[in-house]
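Open the model in your viewer and keep the selection panel handy. We will go from one stop to the next, with a few words on what to look for at each.

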Amino acid sequence: MNLTRFPRVGLTLSATPLEYLSNLTQHLGGPNLYIKRDDHTGLALGGNKTRKLEFLIGDALVKGATHIVTQGATQSNHVRQTIAAANKFGLKSTVLLEERVGDGHDDYYANGNVLLDQILGATIETRPGGVDMNKELEAVGERLRAAGEVPYLIPGGGSNPIGALGYVVSALELIVQANEQRLAIDHVVHATGSTGTQAGFLVGIEGSSGHIPVIGVSVRAPREKQEENVRRLARQTWELLGLRGEFPDAAVVVNSDYVGGGYGVPTEGMIEAVRLLARFEGILLDPVYTGKAFAGLVDLIRKGHFRKGENVVFLHTGGSAGLFAYRSILAPRPAFAR
Ligand SMILES: *Cc1c(COP(=O)(O)O)cnc(C)c1O
């Protein structure tokens with residue numbers, strides 16, 4: 001698969017590690033657990049959006065952009081990584097934060113990703129929850145154009161066919177690592193939100209005849225809707241790459257049993273999953289995406305969904321900056337009282 005004909009900048013340091021989780025494998029007594037460390041992509045605390053941004057910023061530069069505009073939830077990891085990527089290439093950035101969740105705790109609005117957005121120095125605007133954020137994005141683009149800028153609009157999560165190419169790369173990278181380590185991967189599990197990760201990953205796997213079953217654990221939409229959204233973007237990405245035949249729709253599998261009360265709303269399973277991986281392996285998940293996806297993986301293991309001896313890879317998509325925004329839930333009693 002030839003990705004070199006697409007404009008791309010370098011943001012990730014190198015291939016992210018593929019590691020065995022020996023303690024947790026033993027503790028859970030199910031399949032062999034591995035983790036692909038896409039939380040270690042190396043840009044301002046890293047995460048999955050960095051891979052997408054290699055192609056998105058590449059495209060922006062070719063188009064002569066001067067100003068990156070994007071949007072996300074208050075604690076968006078995508079927004080944080082986008083500002084960092086724009087900074088690295090001398091581009092200004094304006095970000096729109098939608099007040100999509102909020103438990104009234106100050107940390108949610110001031111700490112975690114919001115703090116990092118401020119340090120990184122973008123122009124930050126907020127919007128009330130429920131507005132059409134893509135329309136808002138267009139409006140800001142118009143405003144900047146009128147002021148003589150060349151805006152480049154990146155949709156929420158960087159999820160369009162260009163951004164999804166970053167996850168085609170991730171899948172190809174994982175296949176190379178599995179071959180090197182002589183590891184026959186039976187399943188991949190990861191969090192799915194704006195769909196670029198799952199769509200790109202599946203195009204990479206299926207486009208190279210990898211045929212590894214992938215479960216996307218939804219953090220927001222119900223199963224059918226999420227599968228439809230992933231399929232649409234996967235087909236577009238397949239087409240962009242000019243792959244032969246058609247994207248195999250049946251490869252798209254989503255499980256939406258672990259959303260709980262909604263996007264960003266904590267669940268007991270998420271809290272347990274964050275603690276499990278931290279205490280058995282010293283690895284930090286996040287409260288919005290990977291915590292819920294890992295909760296799903298743990299529950300499926302307990303229900304006997306995977307056979308002992310099978311090799312399951314959890315794709316860690318990052319987000320641990322969000323832990324600081326959920327302090328009141330993860331550590332309700334501070335360790336120190338002054
Ligand atoms: C955005 C994000 C996801 C979901 O990826 P999509 O491509 O939006 O589906 C998963 N994990 C983390 C930490 C994220 O920030």
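Two strands count as paired if DSSP finds at least two bridges between them. Keep that in mind for the first stop, and note that this is a predicted model.

**Stop 1: the open sheet**

Select G216 and V254: V254, in β9, is the bridge partner of G216. Two bridges join β8 to β9, and these strands run parallel. Now bring in the rest of the sheet. It is an open sheet of six strands in the order β1-β2-β10-β7-β8-β9, and its pairing is mixed. Its edge strands are β1 (18–20) and β9 (254–255), each of which pairs on one side only.

**Stop 2: strand β8**

Stay with β8 and look at its other neighbour. β7 and β8 pair in the parallel sense, over five bridges. To see where they meet, select V188, which stands opposite V214 in β8. Which residues lie on each side of β8? V214, G216 and S218 are on one side, I215 and V217 are on the other, and all are buried, so both faces are covered. Five of the five residues of β8 are buried, so the strand is largely enclosed by the rest of the structure.

**Stop 3: the nonpolar cores**

Next, select F294 and L297. These have the most contacts inside the largest nonpolar core, which has 39 residues. At least two residues of this core come from each of α1 (22–28), β2 (32–37), β7 (187–192), β8 (214–218), α10 (268–281), α11 (290–302) and β10 (311–316). Which element gives the most? That is α11, with seven residues. Centre the view on L297 and show what surrounds it: beyond residues up to four places away in sequence, L297 touches L33, V189, F306, V312 and F314. For contrast, colour Y34, A164, V313 and L315, which are included in a second, separate core of 34 residues.

**Stop 4: the ligand**

Now select the ligand and the residues around it. How many residues surround the ligand? There are 17, and the closest are K49, K52, S194, T197 and T317. Three polar side chains are worth a click here:

- T317: an N or O atom in its side chain is 2.6 Å from a nitrogen atom of the ligand.
- T197: an N or O atom in its side chain is 2.7 Å from an oxygen atom of the ligand.
- N77: a polar side-chain atom lies 3.0 Å from an oxygen atom of the ligand.

If you turn on surfaces, bear in mind that the ligand taken alone exposes 380 Å², of which the protein buries 98%.

**Stop 5: strand β3 and H67**

For the last stop, select residues 67–73, which make up strand β3. Seven of the seven residues of β3 are buried, so this strand is largely enclosed by the rest of the structure. Add strand β4 (residues 92–99), which pairs with β3 in the parallel sense over seven bridges. One place to see this is I68, whose bridge partner in β4 is S93.

Finish on H67, found in strand β3. Is H67 buried or exposed? H67 is buried, because its relative accessible area is 5%, which falls under the 20% cut-off. Its side chain makes a polar contact of 2.8 Å with the side chain of T94. Show the wider surroundings too: leaving aside neighbours within four places in sequence, H67 is in contact with K92, S93, T94, L144, E149, V150, P151 and Y152.

How values were computed:
Residues numbered from 1 in each chain as written. Predicted model: local features only at pLDDT ≥ 70, side-chain atom pairs only at ≥ 80, totals over all residues. Heavy atoms only, no water. Helix = DSSP H or I, 4+ residues; strand = E, 2+ residues; numbered from the N terminus. Buried < 20%, exposed > 50% of the residue type's maximum accessible area, 1.4 Å probe, protein only. Polar contact = N/O pair within 3.5 Å; in protein donor to acceptor, adjacent residues only side chain to side chain. Contact = heavy atoms within 4.5 Å. Core = buried A, V, L, I, M, F, W, Y, C linked by side-chain atoms within 4.5 Å. Near = heavy atom within 4 Å. Areas by Shrake-Rupley, 256 points an atom, 1.4 Å probe, with all protein chains shown as cover.
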